Structures are given as C-alpha cells and as structure tokens.
Amino acid sequence: MVTTTTTCPPAPAPQPPSAPPQQLVWALSQAVVASRALHLVAELGVADHLDIQPATASELAERCGVDADGLGRVLRLLCAHGIFALNGSAFTHNDASPLLRRDHPQSMRDFARLNSLPVAWEALAALDHSVRTGTPGAKTLHAEGFFGYLRDHPEEAEVFGHAMAAKARTDIADILGAYDFRRFDTIADIGGGRGHLLRAVLESAPNAHGILFDLPEVIRNLDTRAERIRPQAGDFFVDPLPEADAYLLMEVIHDWADTEASAILGAIRRACRPGATVLILEHMAPETGVDLVSQTLDVVMLAVTGGRERTGTQLGRLLENNGYSRSGITTTAGPVAIVEGVAR
C-alpha cells in the first residue's frame, strides 16, 4: 500500500500541441461526430456481429438491419479513430473494437452507450444552462435531475448500471493492488450498485463480511446469493445507513455538490462508531494545472449530475467538516485514488 499526503501528485506538464492551432480547433469542434458514431455502433451491437472473419459493410448492415452505405461511412470514421480496422472493403476487429462486444470480459459497450441516453445527451446539449445558472442541464428534463430521471426510466437506468460496472471493472484490480482490506471485519459499500467492487474486496479479505447499500430498485435486481454480502435497500439521503468498520464510496461523492456530499458523509458518521474508516474512491483533480480526464469528468458532472471532480485537499476538507480526520491518500496504478478518513 502506497500512502501519500493529503495532496494529489502534481499534474503532468502540458504537452505542446501536435497540430496547427486551426487544426486543433477544427478537430475538437467535430469531436461530437465521432462520439455519436461510437454511441450508435454500440447501440446497434455491430461488434457482436463481427467475428474473426472480416465482413463488409453490406454484410454487417444486413445483420444489424440498417443501411449499408450509412453504416459503412460511420465505421470508416471509427477506423480513423482507432476503433475497428479496414482491410480492403471489409472491416475487422482491432485491439479496441472487441470492447464493444456484449460477451467481452471487459466489455465497455454500455459505457459507450451511456452518453447517448437522452438524459445525458440532452443534459450536455444544455451545458449553456449549467454555465449560466450553475445547475445541471439534466434538470431541464426532469425536476429531480439525473437520478430522478433514471428512477422514472428503468431501461435507461439499466444501461447506466451496466456502464458503471464496466467502468469499475477497469479500476478494481488497481484498487486491490494498492490497498489492504483485510483489517476490516465489516465493509459497507454505499451506493455500490450491483456489488462488483464489494465482491472483489471480499475476495481479497476472506474473513470480512459485506453490506451492499443502494436504492430499492437496484437491490431488487441483485443476485442475493453472493456469499458474505447482506443487501440493504435505502436512500442515503433519507434512510439510516448500516454500521460497519469501513465504508466504500466509489465514484459517489463526485456525483454531488458539496451540500449533498456532506449529507452522505454525515449519514455515514451517524451510523458508525469512532475509528471507523471511510474510503472515497474516485479520480481526483490535480491541485494545480489541468488534466484532460479530470476536466472532462468535471464538465460531465456540471451538466449531468450537478457534482464535481475535487482535489485531494477539497475531499479532505469535506471529510474534516463532517466528523472525520484525514488519514491520507493511497495512489493506485490507475486513475482512481483512495482518500481515507477516520471517524472522530
């Protein structure tokens, strides 16, 4: 376990642009086109219809039930971005495109579909509303914002849940490689979705028991046969949270503004005993400078959920203001860091 102080590592020095300024502006202004193409190909399941043998646009279009010319043009654009490969007139998989298959063990198909959901796509289209008012564009679609919208649209909520699981799968190995969970007897995953993180943590801590806390509609769809996991349904803004030795908050705090983030941490503090550990697991913004991933996620949070990406200092301050002592930050081999607080 590598523990640092409660500040982030410095951001890497900005790299000089690799293209003339006009080309950089053109490319970024057109980036939405490639993103939309990726959303559509993931939605159509094109990667599932492409096996080891190459296939032409006509063959893939017949399998997907779409227009051959239109699909071929979209796939050529994705090839230009490094997703799929073009061999003569036929398309083949490359290193990236199999991740769009449903059956790939690290499938990111639903993550690719995520920003095509109306609530995400239209919230980003309403970014001007967020910049003018400081409130998420998702509230122009639903009075209760992004999560209220998902509650009323269960099919889109299902895509969101699978997308978050896909994202977490890429981070879990890094988390387990950086932090030792064996010292805890009871571990509660708050807002833990389908329990992908908690199951992996319990495998690394064979004597621990877990509690998976999430909304009733999430808990209803769980496989409750998982060993050593007790599911508990509730709303962390309303219902009492379980008592545990450690609490996992993976990409939960960044979904919320400071008021709501404090409410979540306060609810945990009321549930736990002094000495309990809270672990905030998410991508941290750099203390100075800029970082492309952090700044991208930060604008997504601004438009979609109303949350924000925070620095290590900001996360530490949230912990201190809600009944915890800062214990440190554990860096991982990936983008996720583990910010630790101990209940006072």
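A residue counts as buried when its relative accessible area is under 20%. Asp171 meets this criterion in the predicted model, because its relative accessibility is 2%. The side chain of Asp171 forms a salt bridge with that of Lys167, with N and O 2.5 Å apart. Both residues belong to helix 9. They are four residues apart, about one turn of the helix.

Salt bridges with shared partners also join Glu43, Asp110 and Arg113 into one network. Within this network, Asp110 pairs with Arg113. Their closest N and O atoms lie 2.8 Å apart. Asp110 and Arg113 are three residues apart in helix 5, which spans residues 109–114, so about one helical turn separates them. Both residues are buried.

The pair formed by Arg151 and Asp152 is also a salt bridge. Here the closest N and O atoms are 3.5 Å apart. Arg151 is partly exposed, at a relative accessible area of 43%. Asp152 is likewise partly exposed, with a relative accessibility of 43%. Over the whole structure, the search finds 16 salt bridges.

Helix packing was examined next. Two packed helices are described by the angle between their axes and the distance between the axes. Helix 9 covers residues 154–178, and helix 10 covers residues 196–204. The two pack at an angle of about 25 degrees, and their axes are 9 Å apart. Helix 9 is therefore roughly parallel to helix 10, since angles under 35 degrees fall in that class. The crossing of helix 9 with helix 10 is right-handed. On the helix 9 side, the contact is made by Met164, Ala165, Ala168, Ile172, Ile175 and Leu176. The helix 10 side contributes His196, Leu197, Ala200, Val201 and Ser204. Of the residues in this contact, nine are nonpolar and two are polar. None is charged.

Two strand residues were then considered. Tyr324 lies in strand 10, residues 324–330. Tyr324 is buried because its relative accessibility is 0%. Beyond the residues up to four places away in sequence, Tyr324 touches Leu265, Ile268, Arg269, Val278 and Leu319. Gly341, Val342, Ala343 and Arg344 are also among its contacts. Thr135 is 189 residues from Tyr324 in sequence. In space, their C-alpha atoms are 28 Å apart.

Thr92 is located in strand 4, residues 90–92. A relative accessible area of 16% places Thr92 among buried residues. With neighbours within four places in sequence set aside, Thr92 contacts Leu50, Pro54, Phe84, Ala85, Asn87 and Ser97.

Backbone geometry was also inspected. Most residues other than glycine have a negative phi. Phe84, one of the contacts of Thr92, has a positive phi near 75 degrees. Phe84 sits in the loop between helix 4 (68–80) and strand 3 (85–87). Phe84 is buried, at 2% relative accessibility. Glu251 also has a positive phi, about 50 degrees, although it is not a glycine. Glu251 lies in the loop that runs between strand 8 (246–250) and helix 12 (258–271). With a relative accessibility of 14%, Glu251 counts as buried.

Terms used:
Residues numbered from 1 in each chain as written. Predicted model: local features only at pLDDT ≥ 70, side-chain atom pairs only at ≥ 80, totals over all residues. Heavy atoms only, no water. Axes fitted to C-alpha atoms, helices over the stretch in contact; angles between N-to-C directions. Parallel < 35°, antiparallel > 145°, perpendicular 65-115°, else oblique. Left-handed = near helix turned anticlockwise from the far one by under 90°. Contact = heavy atoms within 4.5 Å. Nonpolar A, V, L, I, M, F, W, Y, C, P; charged D, E, K, R; others polar. Salt bridge = Lys/Arg side-chain N within 4 Å of Asp/Glu carboxyl O. Buried < 20%, exposed > 50% of the residue type's maximum accessible area, 1.4 Å probe, protein only.
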